Amino acid sequence: MMNHSKTKLFMPGNFEEMTSTVKYLEKKGEKFQFIAGGSDVVPRMKDSKKNQGHMVSLKFLKKTSSITIKEDEIHLGSFLSLDQIASDSALKEACPIIGKVASMVGSPQIRNQATLGGNILVDNRCVFFNQSVFNKDFHHNCFKDGGSQCILVKGAKANDAISCRARSVSDLTPALLVLDAKLVVKSIRGERTISAREFFKEDGIAKNNLETDEVLISVIIPRLHKSVHYKKLTVRKTLDFPSLGVALAKNEQGFEVAVCGIFSMPMYFNFVFAGGKSLSSSMEESIKNVTSAAPVFKQDFFPPKYRKEMLGVYIKELFER
Amino acid sequence: MVGKAAGNWRFKDKVLNDLVEVVTLNINSVSYSRAVSSLMTLSHFIREECDLTGTKIGCDRGECGCCSVLVDGKPILACLVLAKFVQDAEITTIEGISVDGQLTPIQESMVENGAIQCGFCTPSMVLNATHLLNTHKAPSKNQIKKCVSGTICRCTGYTKIEKAIEKVVEGRE
Amino acid sequence: MNTIGSRTIMKGSLEKVTGAAKYTDDIKVKNPLYIKLLRSPHAFAKIVSINLDRVIALEGVKCVVTGADFKNTFGVLPISKDEPALARDVVRYVGEPVVAVAAETIGLAKRALDLIDIKYIEKRAHLNPSHSLRKSEDRIHPELPNRENNLHKHVEQSFGDLENGFENSDTIVSSEFTFPSVTHAFTEPHCTVVEISGDKELKIYSATQVPHYVHRAVSEVLEVPMHKVRVIKPYLGGGFGGKSDPFPHEMVAAKVALLTGRNTKITFSREEVFFSHHGRHPSKIKMKLGVSKDDGLKSLEGNILIDGGAYGSFGVVTSYYNGVLLQGPYNLPNFSFNCDRVYTNKPMCGAMRGHGGVNPRFAMEVLLDEACTNLGVDPCEFRLGHFLKPYSLTPNEFRITSVSVNSGLKKAMAKSKWSEKYGKLPFGKGIGVGCGFFISGSNLPIHWNQMPQSSVRLTIDFDGGVTLYSGASDIGQGSDTMLAMMASEVLGLPMDMIKVVSADTRLCPIDLGSYSSRVTFMAGNAARNAAIRVRKILAKAAYEMLELKAPKEKDANVDIDFFKQGQNPPKYDSPYLGANPKIDDGLTFSDQKISEAQAGESVDYIDVVRRALDFGGALNVQGVYSSPKLGGTFKGAGAGLSPAYSMSVFISEVDVNPSTGAVKVEKVTCFHDCGVALNPLAVEGQLEGSIHMGLGQALMERIEHTEGAVQNASFLNYKIPSAFEMPEIELIYDGEAEVEGPFGAKEVGEGALAPFIPSIANAVYDAVGVRVRQLPMSADVILSALREKEGKK
């Protein structure tokens, strides 16, 4: 009983064990979170003053996480490390962009431990939230940290449509949005498949449609044979999260584009160029649509104005590739 | 209970929010069982519980790369992994690289080519390079850069470290 | 030459490459108390009360100390000892240590911090350096006399006839430049471990560049005699100036040990390293340069404001260096500058690689490039012929000795194919030049005294092994290796026969530490002199064994007390500048043999040693170095004086993407005049490291503050270049021998950083035609400059 409130890492051996752990914790009313590679969760745990609750390991998914390439779909287990995805030659053949983007995340060591699932679910980041306890105390804590303010936008309210402007920084997500990937999630209540395009929420705290007891187990990418390109704005070619990430696929009618790094959710657009208009004016119009739809948040090395301008530059460049 | 860990048990239990439990890790082919926080990271386990201080902590949050260790042969950041999470793995730290005092080719090359200044990033550089050289017979310049890019070195500008790896590759031909 | 000039493996690298090297945090002492610091959450506030009741009651907390436990403040410079070990009555920056808790475990100490109640009354913080010059009723350091504002130090100097110089210039360029703060970002966080003995003697292991300053400060602050304190620097994970001050945590760890009788340990988190800072001063520089097409640089005028943060640190020196280091490498007859260092409520700034000289160098080199553009001359060709003359005096009476920068620039031009590229590359590609000038150690010691700046003791006993004892700190730059090379060369012994015991205040003679690029020149000369002294003893023994007569008088009279040359001012008109003692004993010491050429006979070194022991037991000598008497008699004449100056040339090639503004430095050709390169491996390492650090400041590094708090206190948000950002590097370091340098050597650790940065800016101008007057030159800055230029068209 002494240990009742002491937090612990649970290491369930399979899905059933995991569900019983989750049931047990829910029954006791204890907080918990899932942990896979740890590269996102562990620093946040260190930065938190409040008890983050128990950790429930998803390592058991490792056994079943594989790359399966079918005729019409590619199945990727969520526990695949980013390095596994980046270095798989069959995947490179079937859908090169996924491996390419995976190889652009973090650093080599991080790619060895960070997982596909972890990258898709990576917590939204803000320079005021992803700080030490000391610095958070200095700023008296923001909404995302259980406080009653947004440090970035003075006067923001908790019940605003977007209360938290922490940015979506998953490098893989824009490509998955363009590829129209499906996410398979599983819980005690069963399994469901959600379109990646409907998965994310517009708020830096709520961020997606995953329930607390649900686990992302795999990603299904339809083999549409799209040629997707990705470009990432960072200061350095290693370690940095995207200040802006743009994935784009050209098609006969226009192009599809998805963006991360600037807004509290990844954004997806499909532009069909109207007949009779010149390509360049269609492009201009599309870029205008994207930039006006995506308010670019501050709290990054590069100022919003610059990132907004780069959004247009990147779209053009990727379109012309 | 073993050594130092037992001495601090009383305080550990009082202070930690986390459960204290016995974690057993296989490091450099030695089994270490220690009573530690369930949420203790691997870097602290290695340094504090096993006294293997070659693994350095420069930031403790996955940014400097200095705490790299090999887990099942692959370099990862020990500050981002919970010790208990890797109980079934083979862990290699810098102390497990050279056997019987015999330097490996990359260690020798780093010494000879001036790839070491303050030495704080050196263990990580050695482990990352070891992995690269184990998995690639003739890594390209870009692969070498990539291998080095996961660790911050503030002294050398990386050039001599890259050169040390290149020299090992040249020596293979 | 036996060892000098050969690529010599660094001492300690075997320990480092196997993980065996013990850094401060790796040292285990018995049952230590772990210390955590409670830091100020306010930039400027009055401490009303500190309630420790709850924390003292916590089981396992052994000691809590506050500012009230320390009577004396401290600071690296005797003239600005304004820093308390723990804040008293007032906090002056976010992150300032206020209370220290020592507990049985780290976790307990951390948790105990939450139980401390401090009541503050917040005050209006002084965050803007310009505003700090305004009159204030609530100053950061009210104890400073004769002030109404937050000025820490005002310095000014003027030489020649400034107005006349401008009148005789063909073009006058002027501009304002702004620089944010950058930080050292060494990988090893600060750490101190204290071991206390039964009789209350303190053995302090600390990650410090200068054990001697820690020794002094601990003794003063804790009011314990110096002989009760011993400071040891174990292996050190990088310094770059950031570990050259004594630090509050060192005082605290020692104090807790004294109060409790227990061993103590304190290790910083990375964030705490950022709070502690001591990095490069943010600055605003207004500079005006007059250039004559035929006569070169005529007049330079600088108005400089540097933001010191909350405390003094090295700030007075920094203020001078911001001006005086501009006097080279060019001939500059008329020169004037003033510099204000102001206090603000931010983490303090101090010494960082290239100390004080980096930002003004950027301004000057960019202005010179602009002047060359105005005059329609090639900036490299123009510089040739306008460098300082060897063996001359500058207007402020710096004694210039060897100068190789003219030929160095020619070599760099040839290597980089400058003439084929400058002004001829396609839009977006550019090439630029910048030159620099730096000291080889400061002539003036911080603590004013006549003591030699460096002393090295050397012993040889029955086993023939040589042990050198030096107070200099090997901080990764390889000073232990350099010291051993001195003895190896003089005595003809392999490196592994020479052990170096360094940076331990009990075992080693005083050395003023590793900063201001002084170790090779000063400790190196001392080591060389020690080796020459012991060689005299060995030579006597060798002649006895060879039954030959030693050559007389002339050689016996060689004055090996090198420092004595300082007794008389050097003759500036003479090329002879004093004795770098010659080795002229008629013997050759090589490969562990001592031979006499004329007789063609030799004896084994080890036998000679054993014969020499008959004279009076173990051989025990000391070599010292004091710099010669230099400089003028005006106020501040001592600032920037050095026995020798390094000079450098950088030619950088860049690619600027005109649609994104991103700058990639593709190639850099560097000539650095370090005199004779004692160990090319170490010389290259220092230059490549300077290039890395310069690249960071040029393109991406900056400390960001929000309401005075460091907002990017992590390696994720403070951007240090990775391996991918590094350019291709071409190094040239074949300067002529420096007469007073040990085996002809000069400085290499710092000087190369400064000129690299403006060479990038000048290359950016060549590439896309925009002048950058701020750092870092990040993509957004370049792009908006491009847009502005387009708008003007």
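# Notebook: contacts among chains A, B and C

I began inside chain C and counted zero residue pairs in polar contact between domain 1 of chain C and domain 2 of chain C, taking pairs with both residues at pLDDT 80 or more. I note at once that I am working from a predicted model, and that the count rests on that confidence limit.

**Entry: the two domains of chain C.** When I looked for salt bridges between domain 1 of chain C and domain 2 of chain C, the count was again zero. I then sorted the residues by class and found that the side of domain 1 of chain C that touches domain 2 of chain C holds four nonpolar and two charged residues, with no polar ones. For the bounds I used the domain assignment of chain C, which places domain 1 at 13-123 + 187-238 + 243-276, domain 2 at 353-442 + 640-792 and domain 3 at 454-625. The contact draws six residues from domain 1 of chain C and ten residues from domain 2 of chain C. Taken over C-alpha atoms, the centres of domain 1 of chain C and domain 2 of chain C are 38 Å apart.

I next looked up the area, and found that domain 1 of chain C and domain 2 of chain C bury about 600 Å² between them, with 81% of it on carbon and sulfur atoms. Which three residues supply more than any other three of the area that domain 1 of chain C buries against domain 2 of chain C? They are Val94(C), Arg270(C) and Phe274(C), which together supply 73% of that area.

**Entry: chain B against chain A.** I moved on to the pair of chain B and chain A, where 34 residues from chain B and 34 residues from chain A take part in the contact. I found about 2,800 Å² buried between chain B and chain A, of which 54% lies on carbon and sulfur atoms. On the chain B side, the residues that lose the most area to chain A are Leu19(B), Leu80(B) and Phe85(B), and together they make up 26% of what that side buries.

How many salt bridges are there between chain B and chain A? I counted four, and I wrote down one of them, in which the side chains of Lys46(A) and Asp60(B) meet at 2.9 Å, N to O. The polar contacts between chain B and chain A come to 15 residue pairs, both residues being at pLDDT 80 or more. Helix 2 (9-15), strand 4 (74-77) and helix 5 (122-135) of chain B are the elements that give two or more residues to the side of chain B that touches chain A. The largest share of that side, four residues, comes from strand 4 of chain B. By class, I sorted the side of chain B that touches chain A into twelve nonpolar, eleven polar and eleven charged residues.

**Entry: a backbone note on chain B.** While at strand 4 of chain B, I checked the loop between strand 3 (68-71) and strand 4 of chain B, where Asp72(B) lies. Phi of Asp72(B) is near 50°, which is a positive value in a residue other than glycine.

**Entry: chain B against chain C.** For this pair the contact takes 51 residues from chain B and 57 residues from chain C, and the two chains bury about 4,400 Å² between them, 59% of it on carbon and sulfur atoms. I counted seven salt bridges between chain B and chain C, and noted that Asp25(C) and Arg47(B) meet through their side chains in a salt bridge of 2.7 Å, N to O. The residue pairs in polar contact between chain B and chain C number 23, again with both residues at pLDDT 80 or more. On the side of chain B that touches chain C, at least two residues each come from helix 2, helix 4 (105-112), helix 5, helix 6 (141-148) and helix 7 (159-172) of chain B. I divided the residues of that side into 20 nonpolar, 17 polar and 14 charged.

**Entry: aromatic pairs.** A search of the whole structure gave me 30 aromatic pairs over all chains. I looked up Phe273(A) and Phe319(A), whose ring centres are 6.0 Å apart and whose planes stand at 50°, so the pair is tilted. Phe273(A) lies in the loop between strand 12 (267-272) and helix 10 (279-293) of chain A, and Phe319(A) in helix 11 (residues 304-320) of chain A, so the pair ties together parts that are 46 residues apart in sequence.

**Entry: cis peptide bonds in chain C.** I noted a cis peptide bond from Gly328(C) to Pro329(C), with omega near -5°, and placed Pro329(C) in the loop between helix 8 (315-324) and strand 15 (334-343) of chain C. The bond joining Leu775(C) and Pro776(C) is also cis, with omega about -10°, and Pro776(C) lies in the loop between helix 17 (753-768) and helix 18 (779-792) of chain C.

Technical notes
Residues numbered from 1 in each chain as written. Chains lettered and ligands numbered in written order. Predicted model: local features only at pLDDT ≥ 70, side-chain atom pairs only at ≥ 80, totals over all residues. Heavy atoms only, no water. Domains from an automatic or database assignment. Contact = heavy atoms within 4.5 Å. Buried area = accessible area lost by both parts, 1.4 Å probe. Polar contact = N/O pair within 3.5 Å; in protein donor to acceptor, adjacent residues only side chain to side chain. Nonpolar A, V, L, I, M, F, W, Y, C, P; charged D, E, K, R; others polar. Phe/Tyr/Trp six-rings, centres within 6.5 Å; stacked < 30°, edge-to-face > 60°.
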